[in-house]
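Please look at how the aromatic side chains sit in the model shown here, and at how far the model can be trusted from place to place.

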Amino acid sequence: MVLSIIFLLIGFVLLIVGGELLVRGAVRLAERAGMSQMLIGLTIVGFGTSAPELVASIEAALAGSPGIAWGNVVGSNLANSLLILGAASLIMPMAVARGPLWRDGGLALVITAILYYCASAGLVGVPMGIAFLVILIGYLYYAYISEMRIMNAQNRPAHASVAEEHDIVLSILEEGDTAAGSKAAALEVTDTHLHDEQHWARSALVLAAGIVLIILGGRWLVSSAVEIADAIGMSEAVIGLTVIAIGTSLPELVTAIIAARKGASAVALGNILGSNLFNLLLIGGATATLAPATIPIELLSFGLPALLLSSIILLIFAATKHAISRTEGAILLLLYGAQLLYNLIAL
């Protein structure tokens, strides 16, 4: 039991460090290849920061533990919507832009409803997984075109939002918040004037090291979680909903809190909404495609309905006065605490 907990913690560390290295290397390679900052943010950054959750879920599904796999997807989105946004809003009321809210938050609500229907009807399999991945590609294209139109209408350079985020990331690094490593690396702006072979090779090595660490961390995390669940008599779905989901969401939590302290609520909200979509479409789609399995009853009876409800509440809070107030942030935190307690006691 003690050894399993140690390996569980090691798995978390490897996932976070591996995610940082993967995004750092990928962003540098993409910038040197001439990709725009916006395109990097929508594709490589989004994928890279979801890599820990992706690997953990796929490893769990392939290992015959669908409860951990899908519990991680649902639990991560619950943590994003209630815990992380609640904590950030409690520190600083969060301004909400109407466009990204309905585009990203609205789509996440629709996809959650579709997932719930498919799970209830026993339709979680390869066709659903492929459909989710296709929707993700369409979403990325639409989001890119939408952002370009906004930037052009405002006569702002396409990399303006990335530059704003970079200022926050510098503050994160200065404060030494290592738990936010993967998100900090995701937004790092590198020197695009260095194109020699040494820097290309270094970036490729960093990327490869990140992939290796993520794979190792994912395997240790899942195997340890399964052992702990068996030892304490807790279902794998609850382990995925709670321990795994919170652990893989730590970088987002730290980054959102620091962004709120710096007064950049748009960065925190954008990261959370984008992360929710990547969790559903990328991780859910890949898991259903590579390892189709029935979603456990715990998620059907509570996890997915709770996620649907939290998504609706979040949209209502964000739509009223185009902001999430401190009071609403406190409510989100209370809701997260209540559902966490229910998971640990009743399920």
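## A pair between helices H1 and H8

Tryptophan 220 has a relative accessibility of 33% and therefore counts as partly exposed, where buried means under 20% relative accessible area, exposed over 50%, and partly exposed in between (1.4 Å probe, protein chains only). Phenylalanine 7, at 31%, is partly exposed too.

These two residues form an edge-to-face aromatic pair, with 5.4 Å centre to centre and 85° between the planes; rings of Phe, Tyr and Trp (its six-membered ring) pair if their centres lie within 6.5 Å, and planes under 30 degrees apart count as stacked, over 60 as edge-to-face and the rest as tilted. Because phenylalanine 7 lies in helix H1 (residues 2–32) and tryptophan 220 in helix H8 (residues 197–232), the pair ties together parts 213 residues apart in sequence. Helices (H or I, at least four residues) are DSSP runs, numbered from the N terminus.

## A pair between helices H11 and H12

Phenylalanine 302 and tyrosine 342 form a tilted pair, 4.4 Å centre to centre with 35° between the planes, and they link helix H11 (residues 297–319) to helix H12 across 40 residues. Phenylalanine 302 is buried at 17% relative accessibility, whereas tyrosine 342 is partly exposed at 38%.

## Confidence in the model

This is a predicted model, in which local features need pLDDT of at least 70 and side-chain atom pairs count only at 80 or more, while totals for chains, interfaces and linings use all residues. Residues are numbered from 1 along each chain as its sequence is written, and side-chain values use heavy atoms, leaving out hydrogens and water.

The mean pLDDT (the predictor's confidence in each residue, from 0 to 100) of the protein chain is 80. Among its elements, helix H7 (residues 181–186) has the lowest mean, 47, and helix H12 (residues 326–345) the highest, 93. Where pLDDT is low, the predicted coordinates should not be read in detail.

How values were computed. Helices (H or I, at least four residues) and strands (E, at least two) are DSSP runs, numbered from the N terminus.
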